[in-house]
Amino acid sequence: MANKKLEKIFLSDTDSKEKTVRFSKTKRSLLSALSLTLTGVICVSGILAVDKSTATIIAQNQSNSIEGKVKSLLPNDAVNNKTKIVCYSLKESKYIGRNNKLYVAALDNHIKGYVMTYKTNLGYSDPLVLIAGFTEDKKVYKADIFFSQETPGLGDKVDRAHGNYLDQFNNLGLEDTKWDVKKYGGDFDYFTGATVTSRATVLATYNALKELEKIDTVKLNKCRMN
């Protein structure tokens, strides 16, 4: 009889320990799941916060970048603390393509210079996008490549990162020169092996000058500086 009572006590004690162990395992599992969930929420929140912050920084950098680019292409007397630069969206044109922008720099309501993006499909790879600054009397002040997929080592030689080829356009207007490369009767040099790209920049800039001559900013929509 005593043995049975003792056995009952031991069994009861064992059940209690097993229940305690099971409860402990369950508790640990719940805590582990809760911890993982909380960690996931924190990580996702962190990623979203970083993503939003990064997007803001990228947008700001892009804005600063294009503004700096525009100012670097404007005539020296068009850039000072009082200069107001207004961006305009250009309509689709047979001369310069679509989705281009015109930046007009004015000082005391007097236009001091322009910067315009323009495209051409005359290069090896489309699109070849240029950007140039123009004087108040609509002559080229300084041109540059804005976007290019031309052949490395050949077509990309026209880029300012690889030389000063585009300086040939400086101070020239529509009627000041023959806007073609010498191989085709024009006045401009070209790179051997990259005649197509060289000629594309010349003809594109000539077309940009023609577009600039006919632009009336009153009929254009303003845009953001980016």
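**Nonpolar cores and aromatic contacts**

Phe169 and Trp179 are both buried in this predicted model. The two residues form an aromatic pair of tilted geometry, with 5.8 Å from centre to centre and 50° between the planes. Phe169 and Trp179 each lie in the loop between β5 and α2, so the pair ties together parts that are 10 residues apart in sequence. Phe169 also pairs with Tyr165, in an edge-to-face arrangement with 6.4 Å from centre to centre and 80° between the planes; Tyr165 is itself buried, at a relative accessible area of 7%, while the relative accessibility of Phe169 is 0%. The structure holds 6 aromatic pairs, and one aromatic cluster is formed by Tyr165, Phe169, Trp179, Phe188, Phe191 and Tyr206. Elsewhere among the aromatic residues, the face of Tyr184 is covered by Arg199, which lies at 4.1 Å from the ring centre.

Phe169 and Trp179 are also among the residues with the most contacts inside the largest nonpolar core, which has 33 residues, and are joined in that list by Leu102, Met116, Tyr118 and Phe134. At least two residues of this core are supplied by each of the strands β1 (84–89), β2 (101–107), β3 (110–120), β4 (128–135) and β5 (140–147), and likewise by α2 (195–214). The largest share, 6 residues, comes from α2. Apart from this core lies another, of 11 residues, which includes Leu74, Ala78, Tyr103 and Met225.

When residues up to four places away in sequence are not counted, Phe134 touches Pro75, Gly113, Tyr114, Met116, Lys139, Val140 and Tyr141, together with Ala208, Leu209 and Leu212.

Notes
Residues are numbered from 1 along each chain as its sequence is written. This is a predicted model: local features need pLDDT of at least 70, side-chain atom pairs count only at pLDDT 80 or more; totals for chains, interfaces and linings use all residues. Side-chain values use heavy atoms; hydrogens and water are left out. A nonpolar core is a set of buried Ala, Val, Leu, Ile, Met, Phe, Trp, Tyr and Cys residues joined through side-chain atoms within 4.5 Å. Buried means under 20% relative accessible area, exposed over 50%, partly exposed in between (1.4 Å probe, protein chains only). Helices (H or I, at least four residues) and strands (E, at least two) are DSSP runs, numbered from the N terminus. Contact means heavy atoms within 4.5 Å. Rings of Phe, Tyr and Trp (its six-membered ring) pair if their centres lie within 6.5 Å; planes under 30 degrees apart count as stacked, over 60 as edge-to-face and the rest as tilted. A charge sits over a ring if NZ of Lys or CZ of Arg is within 6 Å of the ring centre and within 35 degrees of the ring normal.
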